[in-house]
Each structure stands twice: as structure tokens, then as C-alpha cells.
Amino acid sequence: MKATILSREEQYMSRCLQLAGLGAGYVAPNPMVGAVLVFNDRIIGEGYHQKYGQPHAEVNCLKSVREQDRPHIEKSTLYVSLEPCSHFGKTPPCADLIIEHRIPKVVIGSKDIFEGVAGRGIQKLQQAGVTVVTGVLEADCLEVNKRFFTFHKKYRPYIILKWAQSMNGKIGVPGRRIPISNPFSNRVAHRWRSEESAIMVGTNTAATDDPLLTTRLWQGKNPVRIVIDKNLRLPADLKIFNPDAATIIFNLKKNHSSEQCTFIKLNGKNFLEDLLHGLFETNLQSVIVEGGRATLQSFIDGGLWDEARIITNQELVIENGVTAPDMKQFQLRRQERFQTDIISYYCRCE
């Protein structure tokens with residue numbers, strides 16, 4: 001297969017994307033952004049958005065410029081994977097910072113659809129005389145922030161379905177916990193958890209498996225634990241109620257908040273859509289759903305998911321087990337193998 005040769009602009013944007021990815025799991029509900037400052041084909045500064053509420057990529061990039069290179073800033077080109085913000089949020093506008101430093105040219109990967117920006121950052125730069133180039137590696141820049149864009153386009157979190165299944169397509173046995181994936185795949189799954197805002201299970205999975213739903217096998221923050229327990233049947237001594245992470249229980253009975261757990265009451269008519277709206281209102285940008293068949297199938301039937309990650313143990317057969325959801329009608333994007341396990345990645349492409 002012939003290698004893709006990137007232009008110089010694309011090479012610098014590719015570096016922006018590498019930097020942006022370092023913020024995975026820490027910047028939501030903000031987007032992941034990387035920035036690179038280039039003078040005479042030499043990178044003199046780079047940075048990324050490291051944590052929600054802290055300085056943006058452009059700020060960290062300019063701060064990283066060494067003292068001897070600071071006179072070159074006003075002769076440099078700034079590459080940034082997402083349109084610089086133009087509004088006051090938790091931090092000042094990055095467009096103003098660029099203008100203040102007299103940077104003459106800015107190359108942008110993708111425009112920002114957030115209503116507080118939405119082209120205004122580009123407009124502000126152009127009005128100040130800055131040359132602006134857009135759309136460099138745009139598809140890749142949109143991909144890295146698919147959670148952010150889904151959140152603001154569809155007013156719901158980005159939904160990832162995840163389950164492990166046997167070679168014969170079974171996800172378990174009713175009422176009994178059966179380990180399926182191997183230790184390597186388990187670590188990968190915990191990395192996935194660290195990259196998302198929340199993790200969700202249903203009542204039966206919480207009761208049968210008594211999961212922690214943490215990232216104990218991977219370094220990173222724990223996601224918020226989301227549990228569907230419509231009739232509040234789960235006992236209070238389950239691990240999901242421990243202090244390792246915040247827990248939200250969506251139900252039909254009550255609203256209540258404590259230091260560790262929040263109960264949110266929904267109506268029973270459109271429970272799943274109301275649930276996603278509740279997650280949107282809670283500002284949770286992405287959710288990885290690790291529930292049982294009923295929970296997973298409800299998302300699939302409702303068309304309320306964006307990608308699926310399925311771990312299949314090629315050496316395990318489960319007799320009289322629960323059949324996994326059928327994904328044959330959906331697009332298989334890629335596969336990878338970890339010893340006995342094959343991980344298949346699907347997308348619900350629109």
C-alpha cells in the first residue's frame with residue numbers, strides 16, 4: 001500500500017492532533033485541541049488543552065516558547081486543530097491572544113460549531129488582519145473531537161456500546177458472572193473508560209456482576225458511573241455506591257442528591273431519550289455503555305449510539321448463554337487482536 005505523503009501544513013497539523021489526543025479524558029466537556037507555532041520551518045512552541053477549566057492549547061503553546069525565540073512570534077505561523085475561541089468562558093478568548101501577539105498567519109484544522117464560537121474566532125482574526133487558512137486535515141480534526149461535535153449537534157452524549165462475547169456469540173449466563181475477555185483486553189477496556197465522561201450499566205448487570213466501573217487497570221480518571229435502576233431495586237451495599245467515583249441513578253421514583261450519589265427521576269414514556277437528555281443537562285459529553293443485552297439492544301433499536309466495540313474470545317464457548325446483539329447490518333471499521341481476543345470496531349455511519 002502506497003504511503004500518504006503529507007504536505008508541510010499537514011505535517012504540522014498532524015502534530016497538533018498528536019498533542020490534542022493527550023487531553024483525552026481530562027478536557028470534556030471542552031474539545032481536545034493541540035497547537036504548534038512555527039518559525040522558518042522550525043517549531044518554536046507547542047501546547048494542548050490539558051484539563052477542563054485550565055488554559056487552552058494556544059495559551060500553552062505561546063507559554064512554551066523559549067525566551068530567545070519570543071522575538072520570532074510575530075513572524076510565525078500558528079497551527080491549531082480547532083478554531084480559536086472568541087468568547088469569555090473559564091478562560092479569555094484565544095483569538096484575542098493571537099492578535100495581541102501579532103501572529104500574522106493561523107492555520108486551522110476544523111471550525112468550531114459551538115454557538116459561542118461558530119466562525120466568530122476566524123472572523124475576529126481576519127478583521128485584525130491575520131491570514132487564516134482552514135480545512136487542513138479537517139476530517140482528522142473532526143474525528144478527534146467527535147464527542148464534542150455530537151454533543152453540540154445532537155444535544156446528547158457520544159454513545160459507545162461495549163461488550164465481550166464468546167466465540168459462539170454469547171455475552172453471559174443469566175444470573176451468573178462469567179469472565180470472557182483476557183487480561184490484555186481488560187486493560188484496553190479500562191483505557192477506554194479513562195477516555196470517556198461516564199460509564200453506564202443496567203439494573204441486572206449492576207446486581208449480577210457487582211462491578212466497580214473504575215479504571216483500576218489503567219492510569220487515568222474514573223468516569224462518572226451511570227446506572228439505570230427504574231424501580232430502585234439495587235441494594236446500597238453494591239460497589240457502584242462506593243466513594244471511588246461519582247454515581248448517578250436514573251429511575252422512575254425520586255430525585256435525591258447526596259455527597260456520593262445522585263438520583264434523577266425520569267418519566268416512563270420515552271425513558272431512553274429522557275435519559276440522554278438528562279446526561280446532556282449534566283454536561284456529560286460521552287458515555288461508554290457496558291450493560292447487558294437488554295440495555296445494549298435498547299440503544300441499538302433506538303438508533304441512539306455512535307460506535308460499538310466488541311471483544312470476542314476466540315477460544316471460549318458458552319452453552320445456553322445470552323445471545324449478544326447482532327451487528328452484521330452495521331459497518332465494521334477495523335479489527336485488532338490481543339492473544340485470544342479479537343476487538344471489532346463498528347460505527348453507525350449516517
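These legends walk you through several close-up views of a predicted model.

Residues are numbered from 1 along each chain as its sequence is written, and side-chain values use heavy atoms, leaving out hydrogens and water. In this predicted model, local features need pLDDT of at least 70 and side-chain atom pairs count only at pLDDT 80 or more, while totals for chains, interfaces and linings use all residues.

**View 1. Welcome to an open sheet of 10 strands.** The strand order is 11-12-10-9-8-13-6-14-17-16, with mixed pairing. At the edges you will find strand 11 (256-257) and strand 16 (331-338), each pairing on one side only. Here, helices (H or I, at least four residues) and strands (E, at least two) are DSSP runs numbered from the N terminus, and two strands pair if DSSP finds at least two bridges between them.

**View 2. Strand 6 meets strand 14, with helices packed on the sheet.** Strand 6 (residues 158-165) and strand 14 (residues 307-313) run parallel, joined over six bridges. Look for Trp163, which stands opposite Ile310 in strand 14. Helix 6 (residues 146-154) packs on the sheet and touches strand 6, strand 13 (286-289) and strand 14; its direction makes about 125° with that of strand 6. Helix 9 (residues 271-281) also packs on the sheet, and strand 8 (198-202) and strand 10 (247-251) are among the strands that helix 9 touches. The direction of helix 9 makes about 150° with that of strand 10. Contact means heavy atoms within 4.5 Å; axes are lines fitted to C-alpha atoms, for helices over the stretch in contact, and angles run from 0 to 180 degrees between N-to-C directions.

**View 3. Step inside the largest pocket.** About 1300 Å³ of space lies here, and the lining has 47 residues. Thr205, Asp209, Glu290, Gly291 and Gly292 lie nearest the centre. Helix 8 gives the most to the lining, with five residues. By class, the lining has 19 nonpolar, 15 polar and 13 charged residues. A pocket is an open set of points on a 1 Å grid over the protein atoms alone, where a 1.4 Å probe fits, with protein on both sides within 12 Å along at least five of seven lines; lining residues have an atom within 4 Å of a point. Grid points are joined across faces, edges and corners, and a volume is the space filled by probe spheres set on the points. Ala, Val, Leu, Ile, Met, Phe, Trp, Tyr, Cys and Pro count as nonpolar, Asp, Glu, Lys and Arg as charged, and the others, Gly among them, as polar.

**View 4. Next comes the second largest pocket.** The volume is about 730 Å³. Of its 34 lining residues, Met32, Val144, Lys146, Arg147 and Glu195 are the closest to the centre. The lining divides into 13 nonpolar, eight polar and 13 charged residues.

**View 5. Finally, meet an open sheet of five strands.** The order is 2-1-3-4-5, with mixed pairing. Strand 2 (42-48) and strand 5 (131-134) stand at the edges with a single partner strand each, so one side of each has no neighbour in the sheet. Strand 4 (residues 105-110) and strand 5 pair in the parallel sense over four bridges, and Lys105 has Thr131 as its bridge partner in strand 5. Five of the six residues of strand 4 are buried (under 20% relative accessible area, with a 1.4 Å probe and protein chains only).

Notes: Buried means under 20% relative accessible area, exposed over 50%, partly exposed in between (1.4 Å probe, protein chains only).
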